[in-house]
There are 2 protein chains.
Amino acid sequence: MDNELFIQKHQAYFLQTLEKLVSIQSICKNQAQIDQAVDFICQLCKNLFSCQIKIIKTKGSPVILGELNAKANAKKSILFYGHYDVMPAEDVKNWKTDPFKLTLRNGRLYGRGAGDNKGQLLGVIFGLYVYQQLHHGFPCNIKLLIEGEEEKGSLHLQSTVHDLSAAELKEIQTVFVIDGSFNFAGQHVLRLGNRGLLGFEITLTTNKTDAHSGNYGNILANPVLEFYKILSKIYNFAENKVKIPYFYDGIRRVTQDEENILHKLPAVSFKKDNQLDFQNSSDYYKKLMFEPSFNINGIQSGFLGQGIKTIIPGKITARFDCRLVKGQSIKRIEAGLNEQLAAWIKQGTVEIKYLNEIPPYYAGIEDRFIAKIIASIRKVDPQTVIEPIMPGTVPNYVWEQNLKAKVFTIPLANFDQHNHTANENIRLDAYLQGIRIIYELIKLYTD
Amino acid sequence: MDNELFIQKHQAYFLQTLEKLVSIQSICKNQAQIDQAVDFICQLCKNLFSCQIKIIKTKGSPVILGELNAKANAKKSILFYGHYDVMPAEDVKNWKTDPFKLTLRNGRLYGRGAGDNKGQLLGVIFGLYVYQQLHHGFPCNIKLLIEGEEEKGSLHLQSTVHDLSAAELKEIQTVFVIDGSFNFAGQHVLRLGNRGLLGFEITLTTNKTDAHSGNYGNILANPVLEFYKILSKIYNFAENKVKIPYFYDGIRRVTQDEENILHKLPAVSFKKDNQLDFQNSSDYYKKLMFEPSFNINGIQSGFLGQGIKTIIPGKITARFDCRLVKGQSIKRIEAGLNEQLAAWIKQGTVEIKYLNEIPPYYAGIEDRFIAKIIASIRKVDPQTVIEPIMPGTVPNYVWEQNLKAKVFTIPLANFDQHNHTANENIRLDAYLQGIRIIYELIKLYTD
């Protein structure tokens, strides 16, 4: 039987299973439902694959580890990553149907987790199931690692993977992260990396308390004006460049091959208010994927409430986030920032707190295997493109650091899945395409 | 009988009257108590002086206008300004005694309004009373203008004085503002002016909404970084100078005579955190009294609450206050600010709101009458100094603009009067000195 026919025959079952999984409200704070989701997935995998399943305890929600061995003594081992936790659906009044009752409407399956990540997770499980049923076993060892804290920032992923790296996850060469969504043009994407994140907060204290501007205007320094002097030590306003030492160290030029890949990405229209200047879509993508950002996500000093307080504020606080690209070193940048503001730190007027430290990840585009992966996905969606870097931040560095594995991200949900908000959905055809894509990926290992 | 003996004999009465006035809780929002304070003061003046009293209605609390005519047909007319409203005393637990029960303790009279301004107001009334009793009349026409909204920012003072300027307040040459406190060294001061105030708020909008820094970092402009460009159009960070066109127009150099006066002010110790650099006390006073300030009293953008939001904020707002000195024109400065930010205003990204517009006032030090005033006050306190400019802002411009009168401010309360906070007080000796000072001032007009 060919896989297409098999999928058609089992479609009702695939839908019923997703319906059941969506009905379990596996929100992080809901321990009973988390446990029920874990049970359900473990039972499903046991039934489908007769495989070993371990439940790895963490300080938060448990991690499910499934081990599906190859029929012969295959040398290659791959891992699929997904998560079973979902965001709350507290905005119930904005949902057209019950968030925890999967509902088919206009070719889409609506429900919390339908896209993020239950539908994608079942895409993986059923894709493997189709392969196993048609080929009576696997051509490579397959691990399923399914966590329950992705929506909280994967708090224990790093330590869990580290703990498992010596035995259970030894010799994993490749990790497929099945999460996220297609690009805005509706194309499937193969993602080879993501930007990292360095978040920090700077507080400048110029005076122990606020002071009256009538009594102290021209006598005490103003912290907002002083702060811009500090800012100009770490940012060049004229050229819009970061002046933190070592910030740009390790970043390499975009290669011609990478440029070629960017040229294949869908054209962007530049209409958003105050968008920075771009010559063309390729420049836009280069900025977004291959260059670090320097952003202030909050600043506060003094009083801006009702009424007027003519005070000289005593301090100012600003929070920064920098999206990082391959080559940049968080430790070096932090050292550079401390160096640059050393005079103020020594004086006791400036304090720096580091808030986020997530390294970037990039598999590179040179791996010859990439062409094979994209060819597999294109059997299902010929429009599939390579997105070298996802501009946002996910903890894909975890796999590289602990397992020395290459990481590829393949989202199986539509761009308009409305994850985290009301009326989350996965298109029925995207769900079934997902199953086919996983099937095709496993076929790669028969070569 | 000499005035000293007279004051001693009547001391108990002066204290009882202050006790009664303090017991009336004339807080702006308390209409019944405001009315009671007005009645009490009107009745007191009628009893003491058999004078004409008018109650001038305003959209807020009424203004009391007393008219005490000279015994002969004196050409000179002077005005005393005070206020009968007080700040609330909501922090009762911080008061050692009932705020509305005048209490003598360690030579100080404690109570809300004891210093600000009831004690000073009665200093005026009783000073005049002493003069009248000893000299059987006044050598000049005397107006008492006592408002009830000083603690709310004298909301209707300008319009009231304007309305009265054609008749009741015609031909006032001199206004004595009896409010404030001695200098920190405990000396009585004669104030010849005060700095004005220009307050404004600038909002820069770079995007209609906040955006995710992962999706838009390097694509959308950051408003906090953009704001620096705006700020550096109006402020020179390298030289700490304002770049708003016309800002410094009309300001003249401090004269040698003014320098000489500054040299007589008490020495300042420069110990406060992050105080700007000063060579000596005279430079300090020059900055504080004769130079405008440029202060940001609040700035806000994005999110600084619990947790982290990696957003690119859509806008930033900052509030400014500039203390102004004689010569500066509010209208010209506002025009200059609008000019300087014209490109952004035209674009629709910057909006400026003007919040406070209070002109500075300065009588100058050349008036020969000043020497006579200070000599009078020194009869009571030989340490009295001239403070050319009060660094804060009071609406003394009102008298200059509407009456073309010279304004002199003579505070009758001690520096540590704790006005506006708990345990407000006036030193008993300061209260009695105040009566003597007013007596001496009237004597000036017999020449």
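**Close-ups of a predicted two-chain model**

**View 1. A:Cys28, a buried cysteine.** A:Cys28 sits at a relative accessible area of 14%, so it counts as buried. This is a predicted model, and over all chains it holds 0 disulfides. A:Cys28 fits that count: its nearest cysteine sulfur belongs to A:Cys42 and lies 16 Å away.

**View 2. A:Cys45 and its neighbour A:Cys51.** Here the nearest cysteine sulfur to A:Cys45 is that of A:Cys51, 5.4 Å away. A disulfide needs the two sulfur atoms within 2.5 Å, and A:Cys45 is in no disulfide. As for exposure, A:Cys45 has 1% relative accessibility, so it goes down as buried too.

**View 3. Where the two domains of chain A touch.** Chain A splits into domain 1 (3-194 + 361-446) and domain 2 (196-251 + 291-358). The contact draws on 8 residues from domain 1 of chain A and 5 residues from domain 2 of chain A. Going by C-alpha atoms, the centres of the two domains are 40 Å apart. Between them, domain 1 and domain 2 of chain A bury about 530 Å², with 54% of that on carbon and sulfur atoms. On the domain 1 side, the residues that lose the most area to domain 2 are A:Tyr362, A:Thr393 and A:Tyr397, which together make up 63% of what that side buries.

**View 4. The salt bridge between A:Lys326 and A:Glu400.** Zoom in on this pair and you'll find the closest N and O atoms 2.9 Å apart. Across the interface of domain 1 and domain 2 of chain A, the count is 1 salt bridge. The same interface has 3 residue pairs in polar contact, with both residues at pLDDT 80 or more. Sorted by class, the domain 1 side that touches domain 2 of chain A has 4 nonpolar, 3 polar and 1 charged residues.

**View 5. Chain B against chain A.** Now for the interface between chains, where 65 residues of chain B are in contact with 65 residues of chain A. About 5,500 Å² is buried between chain B and chain A, and carbon and sulfur atoms give 56% of it. Look for B:Asn218, B:Ile219 and B:Leu304: they supply 14% of the area that chain B buries against chain A, more than any other three residues.

**View 6. Polar pairs between chain B and chain A.** How many salt bridges are there between chain B and chain A? The count is 0. Polar contacts do turn up, though, with 35 residue pairs across the interface of chain B and chain A, both residues at pLDDT 80 or more.

Definitions and conventions. Residues numbered from 1 in each chain as written. Chains lettered and ligands numbered in written order. Predicted model: local features only at pLDDT ≥ 70, side-chain atom pairs only at ≥ 80, totals over all residues. Heavy atoms only, no water. Domains from an automatic or database assignment. Contact = heavy atoms within 4.5 Å. Buried area = accessible area lost by both parts, 1.4 Å probe. Salt bridge = Lys/Arg side-chain N within 4 Å of Asp/Glu carboxyl O. Polar contact = N/O pair within 3.5 Å; in protein donor to acceptor, adjacent residues only side chain to side chain. Nonpolar A, V, L, I, M, F, W, Y, C, P; charged D, E, K, R; others polar. Buried < 20%, exposed > 50% of the residue type's maximum accessible area, 1.4 Å probe, protein only.
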